[in-house]
Structure formats: C-alpha cells, structure tokens
Amino acid sequence: MATRNQISYLTINKDRISDPILVVGSKHYEYDKENIIDGLRKLGLSDITGIDISAGDGVDHVVDITESGSDFIKSHNEFYATIICMEVLTNVQNPFQAADNLISMLKKDGVVILSECIVRKISKMPLDLWRFTYDGTKELFKGLKFDDSKAMISLTREKSEKLLPMQYPFPQILTSRHPDESSTGYLLRRIHRRFFAGGVFKISRLMPETTIYSISTKKS
C-alpha cells in the first residue's frame with residue numbers, strides 16, 4: 001500500500017535509496033492511491049523485494065517481521081542496502097522485535113526509510129495497536145542513526161497531500177474555517193468546541209491526521 005506523500009518522500013530522498021531494497025508491508029490494495037514498488041521502479045531501482053503478513057499483489061514473500069526464527073529473516077542477514085517500512089509498525093504486536101529484525105537484515109551503513117501515523121482514526125489491518133512519535137521511533141530503532149534534517153510530516157487534511165518540515169508542536173486544526181475544510185466539518189468542530197471542549201470529554205483542541213517520515217542509517 002502507499003500514499004502520494006509516501007511516494008513524494010521517496011522521490012525527495014531518492015539519492016539515499018539503493019539496491020537491493022526490501023519493502024515491508026508491500027501488499028497493494030484496490031483502494032491504494034499509489035504503489036511503492038512501482039514508484040521505486042520509476043526512480044530507476046530494480047532489485048526490489050516485497051514482504052507482507054499475507055499474500056497478495058506486490059508480495060514476493062509472506063513474512064511475519066516479529067518472528068526472529070523466520071527463515072526469510074535468518075537467510076537475509078545484513079542483506080539489504082535499503083529497507084522501506086511505511087505505516088506498518090502501528091499494526092504489529094511486537095514493534096520492538098520487528099525493529100530488531102529489520103535492523104538485522106540491513107547492511108552496515110544501510111538506510112531505513114520509515115513513516116508512521118501519530119494521529120489517525122482506528123484501522124484494522126488486521127490490528128491497530130500503536131502510535132509513534134519521532135522520538136518513539138528512535139527508541140524502537142536504537143541501532144540506527146536518524147537524520148533529523150530529513151524528518152518531515154504530512155497532514156491528511158491537506159488536499160494537496162504536501163509534505164512539511166518536521167516541527168513541534170504539530171499543526172492543529174484552526175478555530176476558523178480552513179480553505180480545505182468542508183462546511184459540515186467546520187460546523188461539527190464549532191459544535192464540539194462550544195458544547196463539549198470544556199465538558200464531559202475535556203478536549204480543547206483537535207489535530208488533523210498526522211504522519212511522520214524519517215530516514216536513518218545503520219551504525220557501523
């Protein structure tokens with residue numbers, strides 16, 4: 001699966017991507033707007049392997065990245081120059097073990113490109129378990145050195161799906177109507193702020209769905 005923002009992030013950082021490449025969570029669904037493997041091929045890359053928890057379009061091998069005893073993981077120790085794992089770890093039961101297994105398959109000085117939602121509605125693929133901040137992602141991948149200058153975010157409310165520089169605090173939905181926001185959405189937010197923000201739910205602000213993108217390198 002892939003979004004336009006994910007393809008844009010790969011394109012912006014194409015100089016950091018080299019063969020052989022492992023795409024984690026490579027299954028392509030009918031509703032996906034983009035395809036990571038196709039996007040990589042358009043960038044001139046060709047030695048690409050796709051793995052996923054279930055078989056399907058774009059999947060070369062069915063692999064559970066949380067299983068250290070997996071034949072695929074053991075047979076690809078320090079094999080890949082680039083590992084791309086986008087919005088997968090939020091759905092795995094043991095993200096720490098998954099991160100360790102991905103690092104084990106990465107060559108020395110190899111690159112990992114990640115994206116994870118920090119704000120998103122609950123989804124079932126097949127489970128929805130975690131949300132990771134940028135610092136949380138670094139904690140998962142302690143064996144990697146992150147390039148903070150390459151970290152970016154996207155806001156799904158943006159119709160253009162553009163990437164933005166990484167920043168804290170994250171942008172929040174404005175009290176006024178945003179040009180990209182529907183009249184109904186704006187009305188519902190006004191109702192929320194007027195009747196619920198200081199009441200039962202104790203929520204004073206709302207945030208758009210937000211994804212964090214990052215690049216890291218395996219320490220020598």
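A residue is classed as exposed when its relative accessible area is over 50%, as buried when that area is under 20%, and as partly exposed in between. In the predicted model, Lys 142 has a relative accessible area of 56% and is therefore exposed. Its salt-bridge partner is Glu 139, with an N to O distance of 2.9 Å between the side chains. For Glu 139 the relative accessible area is 43%, so this residue is partly exposed. The pair thus joins an exposed lysine to a partly exposed glutamate.

The structure contains 9 salt bridges, among them one between the side chains of Glu 34 and Arg 4, at an N to O distance of 3.9 Å. This contact connects distant parts of the chain, the two residues being 30 residues apart: Arg 4 belongs to helix H1 (residues 4-12), while Glu 34 lies in the loop between strand S1 (21-24) and helix H2 (36-42). Glu 34 is partly exposed, at 27% relative accessibility, and Arg 4 is likewise partly exposed, at 41%.

A further salt bridge is formed by the side chains of Asp 128 and Arg 131, with an N to O distance of 2.6 Å. Asp 128 has a relative accessibility of 13%, which is under the 20% cut-off, and therefore counts as buried. Arg 131, by contrast, is partly exposed, with a relative accessible area of 27%. Asp 128 and Arg 131 also belong to a network of salt bridges that links them with Glu 87 and Arg 120.

Conventions
Residues numbered from 1 in each chain as written. Predicted model: local features only at pLDDT ≥ 70, side-chain atom pairs only at ≥ 80, totals over all residues. Heavy atoms only, no water. Salt bridge = Lys/Arg side-chain N within 4 Å of Asp/Glu carboxyl O. Helix = DSSP H or I, 4+ residues; strand = E, 2+ residues; numbered from the N terminus. Buried < 20%, exposed > 50% of the residue type's maximum accessible area, 1.4 Å probe, protein only.
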